[in-house]
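Please walk through this protein model and its open and closed spaces, then through two of its helices and two single residues.

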Amino acid sequence: MEKITDLGELRKYLNKIDRIFSINSLLGQKIDDEFVVDYYEDSNLGYRYFHSVEGSVHMALNFDGKFDKDGYYEQAKIVSKQIESIDAKIVLELGCGKGFNSIFLAKKFPNVDFTGIDLTPAHLNQAIESGRNFPNLIFKQGNFQMLEFADKSFNLLFEVESICHASDMKIALSEAFRVLKPGGRIVFFDGFRQPGFSNQSEDTKLASQLVEASMAIEKPWLINEWLGLAREVGFLEIKVDDISQAIMPNLAKFQFLARGYFKFPNLSRVILKVIPANLVKNSIAGLLMPFTITAGAQAYYLIILERPGLSPS
């Protein structure tokens, strides 16, 4: 599917969004933990029928430039290499969603203990049901800004597109640091604003804000400022890679579907009245992300950080 990334076309699509949703209303919404839970509850059917019937709620990584649903497993495969690299025995997933990644890993590593936490009841119920046959896997409700685990409990932590929802990023990173054993690592797959964001065109900055608002992100971070905060908390950087091109095939699919929704504004407004608004708002991110990533305003990163100290045991 061909994606549209010509910034000369961006204003046209911003106008379409405004006619259906009202940009001011979108940017004025209050986003907190309750809103994030509602967003994922409302989007549940959309993820299932338009994204991944297998239960993924994250982007596929297709490094060859062609969309393939096997790309939904790439994040977990990268995490598996870190498990092997440090011989991790106790692993925690922050924001586990429906359990897609932790179930894959629990099956691959039967001698490793996995825990997944999430705020969204609908996701947790599915995760618990799907993971019931794995004795080395536990799912429970939890907030990664208030981890109910002892200090130095885990060899490895990972998150896939969830830390972006943190209302207090320093607390979230500090909690992750606290529960990691010295020498332990945390793997992030998430979106950030790029350096020089303030120099982008007004339309590109607006498009980025709409992407964030439509995906229930209250406090977006510039990647360099976020890394500075991680260093302040005490982490060492092992890897920081912009892997945005790997999500572009998935984004092309999303944009194709979104363009269909925005093609007939009158019908779109009717749909908005009968389908949960948070579900429909995903079309905004689907429409705009190819523009913002191509413009260099936003990017998707793989980041691996380590808590300094002796190797985990």
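About 1,000 Å³ of space lies in the largest pocket. Pockets and cavities are found on a 1 Å grid over the protein atoms alone: a cavity is a set of points where a 1.4 Å probe fits but cannot get out, whereas a pocket is an open set with protein on both sides within 12 Å along at least five of seven lines. Lining residues have an atom within 4 Å of a point. Grid points are joined across faces, edges and corners, and a volume is the space filled by probe spheres set on the points. The model is predicted: local features need pLDDT of at least 70, and side-chain atom pairs count only at pLDDT 80 or more, while totals for chains, interfaces and linings use all residues. Residues are numbered from 1 along each chain as its sequence is written, and side-chain values use heavy atoms, with hydrogens and water left out.

The lining of the largest pocket has 43 residues, and those nearest its centre are Tyr39, Asn282, Ser283, Ala285 and Gly286. Two or more residues each are given to this lining by helix H3 (33–51), strand S5 (180–193), helix H8 (202–214), helix H10 (244–262), helix H12 (277–294) and strand S7 (298–306). Helices (H or I, at least four residues) and strands (E, at least two) are DSSP runs, numbered from the N terminus. H12 supplies the largest share, 8 residues. Sorted by class, the lining holds 29 nonpolar, 9 polar and 5 charged residues. Here Ala, Val, Leu, Ile, Met, Phe, Trp, Tyr, Cys and Pro count as nonpolar, Asp, Glu, Lys and Arg as charged, and the others, Gly among them, as polar.

The second largest pocket has a volume of about 150 Å³. Its lining includes Leu26, Gln29, Arg193, Glu212 and Pro220. Helix H2 (23–28) and H8 each give two or more residues to this lining, and the largest share, 3 residues, comes from H8.

Next come the closed spaces. How many cavities of 30 Å³ or more does the structure hold? There are 2. The largest cavity has a volume of about 370 Å³. Its lining is made of 30 residues, of which Tyr40, Gly95, Asp118, Ser162 and His165 lie nearest the centre. H3, H5 and S2 each give two or more residues to it, with the largest share, 4 residues, coming from H3. By class, this lining has 11 nonpolar, 14 polar and 5 charged residues. The second largest cavity holds about 30 Å³ of space. Among the residues that line it are Ile31, Asp33, Val36, His165 and Glu218.

Now consider H3 itself. The expected span of a helix is 1.5 Å times one less than its number of residues. For a straight helix of 19 residues this gives 27 Å, but H3 spans only 23 Å between its end C-alpha atoms. H3 also has a kink of about 45 degrees, centred on Ser43. The bend at a residue is the angle between axes fitted to the seven residues ending there and the seven starting there. Buried residues of H3 (buried means under 20% relative accessible area, exposed over 50%, partly exposed in between, with a 1.4 Å probe and protein chains only) include Phe35, Tyr39, Tyr40, Ser43 and Tyr47. The buried residues of H3 pack against helix H6 (121–130), H8, H10 and H12.

H12 has 18 residues, which should span 26 Å at 1.5 Å a residue; its end C-alpha atoms are 27 Å apart, which agrees. H12 nevertheless bends by about 40 degrees at Leu288, and a proline, Pro290, follows within four residues. Of the 18 residues of H12, 14 are buried. Just after H12, Gly296 takes a positive phi of about 80 degrees.

Gly286 is found in H12. Is Gly286 buried or exposed? Gly286 counts as buried because its relative accessible area is 5%. Leaving aside neighbours within four places in sequence, Gly286 is in contact (heavy atoms within 4.5 Å) with Leu251, Phe254, Gln255 and Ala258. Gly286 and Leu257 are 29 residues apart along the chain, and their C-alpha atoms are separated by 7.8 Å.

Val112 is found in the loop between helix H5 (100–108) and strand S2 (113–118). At 5% relative accessibility, Val112 is buried too. Apart from its neighbours within four places in sequence, Val112 is in contact with residues including Ile83, Lys89, Val91 and Asn136.
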